[in-house]
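Reader: I should like to understand how the terms used for a structure follow from its values. Could we go through them one at a time?

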Number of protein chains: 2
Amino acid sequence: MVARKSLKGDYCPSARSLDVIGDWWSLLIVRDAFDGLTRFGEFQKSLGIAKNILTERLRTLVASGILELAPASEGGTRMEYRLTAMGKDLFPVMVALRQFGERHLFAPAEDHSLLVDRATGQPVQLEIRARDGRTIGPDEALILKVPEEK
Amino acid sequence: MVARKSLKGDYCPSARSLDVIGDWWSLLIVRDAFDGLTRFGEFQKSLGIAKNILTERLRTLVASGILELAPASEGGTRMEYRLTAMGKDLFPVMVALRQFGERHLFAPAEDHSLLVDRATGQPVQLEIRARDGRTIGPDEALILKVPEEK
DNA sequence: CATTATTGGTTTAATCATGCAACCATTCTT
DNA sequence: AAGAATGGTTGCATGATTAAACCAATAATG
């Protein structure tokens with residue numbers, strides 16, 4: 001891939017996020033982490049990812065502060081990968097991706113998984129609103145840039 | 001990269017979304033499209049992407065129905081790439097990524113760009129709610145899966 | 001109207017990331 | 001104690017990505 005250029009210097013927050021979780025596997029690992037997976041082998045079986053790549057991705061996610069390596073709760077010396085508070089803040093990203101997929105990437109009759117409120121069983125909704133409560137779409141929003149953005 | 005495996009068959013909507021926009025460049029192209037860029041050269045200059053890769057990515061995004069190739073509004077025979085309605089539905093994904101970046105990937109004193117309501121200039125907010133209005137976090141949500149998910 | 005610059009690519013060669021398979025040390029299970 | 005599962009590491013082949021050169025069609029310029 002020839003020195004995939006880092007976006008850390010970019011002033012766009014989206015670009016920096018992609019720099020951390022934008023590669024092919026990381027978000028799938030995070031999705032599985034939200035699903036409750038914690039062990040190396042669980043991720044490996046779920047994703048079918050090569051083990052060396054999984055090793056590398058987990059290390060990167062830990063280094064980025066999205067996952068943390070903690071002693072397994074079951075007691076042994078094994079470790080488990082858990083979402084940090086920062087990792088849990090990726091929740092809206094997961095929900096947004098999920099909703100896009102639900103809306104556009106499934107045939108009408110096709111089954112798909114669904115995100116629901118644990119308490120009521122009702123589907124959850126994602127909303128983008130202004131301070132005054134108005135719903136904001138792409139055309140109502142404006143990205144203010146800092147001078148050096150490029 | 002050895003035949004990056006397709007996720008089209010996966011029953012997780014997030015996975016399917018990533019199959020469409022999950023590679024290194026696509027979301028950055030979409031971000032620039034939300035920024036108002038439309039021309040091949042504009043994307044190329046903004047991203048510093050190799051031209052053959054940009055060609056390939058734009059073609060894929062058009063094939064996926066996220067961008068469309070329309071005659072340039074300025075009249076010439078040149079074409080421009082525009083977000084389709086489906087492409088605009090990626091807005092929540094962009095906002096979620098942006099907010100994550102703003103929150104975690106910038107030093108406190110560091111400037112960054114900001115997403116605001118065009119009408120009032122106030123920052124926009126992203127909310128995940130249940131039907132009854134309660135805010136939902138990762139621990140209040142549950143992903144219902146279809147049988148074959150794996 | 002002839003020349004030059006820009007746009008929007010394609011082609012080619014080199015490079016680096018990825019995937020697969022094999023291997024290994026440690027820890028659990030029986 | 002033997003075998004299996006866990007959690008990796010290492011090496012090689014593949015191929016995706018890049019930079020750079022090239023090119024045809026259009027737009028701008030004198």
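Author: Let us begin with a term: helices and strands are DSSP runs, of at least four and at least two residues respectively, numbered from the N terminus. By that numbering, Gly133(B) is found in the loop between E4 and strand E5 (141-144) of chain B. Please keep in mind that this is a predicted model.

Reader: Why does Gly133(B) count as exposed?

Author: A residue is exposed if 12 or fewer other C-beta atoms lie within 10 Å of its own. Gly133(B) has 8 such neighbours, so Gly133(B) counts as exposed. In space, Gly133(B) lies 34 Å from Gly36(B), C-alpha to C-alpha, and the two are 97 residues apart in sequence.

Reader: How many residues of chain A are buried, as a percentage?

Author: The cut-off for a buried residue is 20 or more other C-beta atoms within 10 Å. Of the 150 residues in chain A, 35% are buried.

Reader: What makes up the secondary structure of chain A?

Author: Chain A has 6 helices and 5 strands. Their order from the N terminus is α-α-α-α-β-β-α-α-β-β-β.

Reader: How do you know that E4(A) and strand E4 of chain B pair?

Author: Two strands pair if DSSP finds at least two bridges between them. E4(A) and strand E4 (residues 125-129) of chain B share 5 bridges, in the antiparallel sense, so the criterion of at least two is met. In one of these bridges, Gln125(A) has Arg129(B) as its partner.

Reader: Which residues of the two chains are in contact, and how many are there?

Author: Contact requires C-beta atoms within 7 Å. On that basis, 71 residues of chain A are in contact with 71 residues of chain B. H6(A) gives the largest share of chain A's side, 14 residues. By class, that side has 37 nonpolar, 13 polar and 21 charged residues.

Reader: Why is it said that the copies meet through the same surface?

Author: Because 100% of the interface residues of chain A are also interface residues in chain B, the copies meet through the same surface.

Reader: What turn and shift lay chain A on chain B?

Author: A turn of 180° with a shift of 0.0 Å along the axis lays chain A on chain B, at an RMSD of 0.0 Å. The two copies are therefore related as by a two-fold rotation axis. Within chain A, Glu127(A) has the C-alpha nearest the axis, at 2.6 Å.

Reader: Where in chain A is confidence lowest, and where is it highest?

Author: The lowest is in E5(A), with a mean of 85, and the highest is in H5(A), at 96. Chain A has a mean pLDDT of 85, with 87% of its residues at 70 or more. Where pLDDT is low, the predicted coordinates should not be read in detail.

Notes: Residues are numbered from 1 along each chain as its sequence is written. Chains are lettered from A and ligands numbered from 1 in the order in which they are written. This is a predicted model: local features need pLDDT of at least 70, side-chain atom pairs count only at pLDDT 80 or more; totals for chains, interfaces and linings use all residues. Ala, Val, Leu, Ile, Met, Phe, Trp, Tyr, Cys and Pro count as nonpolar, Asp, Glu, Lys and Arg as charged, and the others, Gly among them, as polar. Copies are superposed by least squares on the C-alpha atoms of residues with pLDDT of at least 70 in both. pLDDT is the predictor's confidence in each residue, from 0 to 100.
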